[in-house]
Amino acid sequence: MTAPAHQPAQAPYAYVSPIPVRRAHLGDALASEWTKIRSVRSTMWTLGVMILLMLALGLGVAAIAAASQRALSEDGQAAMVEESALGFGFFGMLPAAICVITLGVLTIASEYGTGMIRTTLTACPSRGRVLAAKAIVFFLLVFTVTTVTAALVAVAQVAIVGDIAAEPTASEWLRATAGAGAYLALLGLLSLALGTVIRHSAGAITVMIGLLLLPLVVGLFMMSEALESVREWLFTYAIPSQMIALYSDQPPFGEGPAGWEPLFILGGVTAVVLGGAFALLNSRDV
């Protein structure tokens with residue numbers, strides 16, 4: 001029997017997939033990016049070296065400072081200092097920033113170098129969703145690892161220097177652990193955004209390391225009195241100076257941000273650059 005003229009004929013063996021079909025969402029992109037970032041060797045190496053630097057330098061500097069302070073006292077009892085021991089965490093945080101910068105750039109720029117970005121955007125045509133997933137996974141991973149490491153360093157530093165340093169306040173503990181982790185995670189997120197804009201691993205890493213170190217180097221050679229205000233601005237707002245200010249309740253250079261303010265400044269800059277990265281990713285070809 002043939003189907004009526006007003007009804008289309010149906011295939012006798014129509015295939016129905018046993019796998020439920022649904023629209024992809026951000027959770028799928030997050031799962032994909034988590035699989036990527038935990039399965040590549042660059043993540044293990046950069047985070048491993050970062051942890052090693054934070055532990056070795058943070059604890060090493062604290063031990064040297066404690067030994068030197070005790071050696072200066074005539075009766076063998078070290079004199080108390082006003083600063084807390086948590087400030088020594090800066091010495092491990094600065095080189096760790098280079099590792100985070102490298103990982104942040106490689107999270108996106110390496111896909112442009114290998115051509116994998118074409119596969120990624122074919123699987124997930126929503127470019128904004130891809131970048132958002134990369135940013136979320138990267139930030140949470142780096143924040144967790146750096147916060148845990150900074151907490152271990154902080155506890156050990158207080159144990160090493162605790163008898164000659166001031167007792168840390170609750171705010172200082174929070175800034176030296178979660179604050180340090182958030183600052184490094186934001187710095188890495190800024191690197192990820194810049195890698196999206198430049199789309200070249202070596203170029204983006206070079207630019208970020210220049211932003212990290214160049215202001216201090218340039219400021220050292222500004223000997224002219226006419227450039228004194230510029231030199232002071234560079235010394236105050238350079239990223240290493242902001243890291244120092246994160247550990248202090250008062251501006252370390254007499255003026256400028258202190259406490260949580262460096263974190264807010266970096267967060268604002270990162271938000272602007274990341275917004276530009278979203279716009280460029282959606283407006284240009286791969």
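A residue counts as buried when its relative accessible area is under 20%. The exercises below use this cut-off on a predicted model.

**Exercise 1. The whole protein**

Task: Find how many helices and strands the protein has, and what share of its residues is buried.

Solution:
- Step 1. Count the elements. The protein has 10 helices and 0 strands.
- Step 2. Read along the sequence. The pattern is α-α-α-α-α-α-α-α-α-α.
- Step 3. Apply the cut-off. Of the 286 residues, 38% count as buried.
- Step 4. Look at the surface. The accessible surface is about 15,500 Å². Carbon and sulfur atoms hold 68% of that surface.
- Step 5. Check the range of the contacts. Take those with a separation of 6 or more; 78% of them join residues 24 or more positions apart.

**Exercise 2. Helices α3 and α5**

Task: Describe how α3 and α5 pack, and state which way they run relative to each other.

Solution:
- Step 1. Recall what is needed. Two packed helices are described by the angle between their axes and the distance between the axes.
- Step 2. Locate the helices. α3 covers residues 90-114, and α5 covers residues 127-161.
- Step 3. Read off the values. The packing angle is about 155°, and the axes are 11 Å apart.
- Step 4. Classify the angle. Angles over 145 degrees count as roughly antiparallel, so α3 is roughly antiparallel to α5.
- Step 5. Give the hand. The crossing of α3 and α5 is right-handed.
- Step 6. Name the residues. α3 supplies V100, L103, G104, T107, I108 and E111. α5 supplies K134, F138 and V142.
- Step 7. Sort them by class. This contact has 5 nonpolar, 2 polar and 2 charged residues.

**Exercise 3. Two partners of α9**

Task: Work out which residues of α9 meet α6, and which meet α3.

Solution:
- Step 1. Start with α6, residues 170-198, and α9, residues 239-246. Their axes come within 10 Å and cross at roughly 160°.
- Step 2. Classify the angle. It makes α6 roughly antiparallel to α9. The crossing is right-handed.
- Step 3. List the contact. On α9 the residues are I239, Q242, M243 and L246. On α6 they are R175, G179, A180, Y183, L184 and L187.
- Step 4. Sort by class. The contact of α6 with α9 has 7 nonpolar, 2 polar and 1 charged residues.
- Step 5. Turn to α3 and α9. Their axes come within 10 Å and cross at roughly 145°. This crossing is right-handed.
- Step 6. List this contact. On α9 the residues are P240, M243, I244 and L246. On α3 they are F90, M93, L94 and A97.
- Step 7. Sort by class. The contact of α3 with α9 has 8 nonpolar residues, no polar and no charged.
- Step 8. Compare the lists. M243 and L246 of α9 appear in both contacts.

**Exercise 4. Two single residues**

Task: Decide whether S191 is buried or exposed, and find what is unusual about the phi of R199.

Solution:
- Step 1. Place S191. This serine sits in helix α6.
- Step 2. Apply the cut-off. S191 has a relative accessible area of 0%, so S191 is buried.
- Step 3. Find its contacts. Leaving aside neighbours within four places in sequence, S191 touches I101, G104, V105 and M208.
- Step 4. Place R199. This residue lies in the loop between α6 and α7 (201-220).
- Step 5. Recall the rule. Most residues other than glycine have a negative phi.
- Step 6. Check R199. R199 is not a glycine, yet its phi is positive, about 65°.
- Step 7. Judge its exposure. R199 has 29% relative accessibility, so R199 counts as partly exposed.

Methods: Residues numbered from 1 in each chain as written. Predicted model: local features only at pLDDT ≥ 70, side-chain atom pairs only at ≥ 80, totals over all residues. Heavy atoms only, no water. Helix = DSSP H or I, 4+ residues; strand = E, 2+ residues; numbered from the N terminus. Buried < 20%, exposed > 50% of the residue type's maximum accessible area, 1.4 Å probe, protein only. Contact = heavy atoms within 4.5 Å. Areas by Shrake-Rupley, 256 points an atom, 1.4 Å probe, with all protein chains shown as cover. Axes fitted to C-alpha atoms, helices over the stretch in contact; angles between N-to-C directions. Parallel < 35°, antiparallel > 145°, perpendicular 65-115°, else oblique. Left-handed = near helix turned anticlockwise from the far one by under 90°. Nonpolar A, V, L, I, M, F, W, Y, C, P; charged D, E, K, R; others polar.
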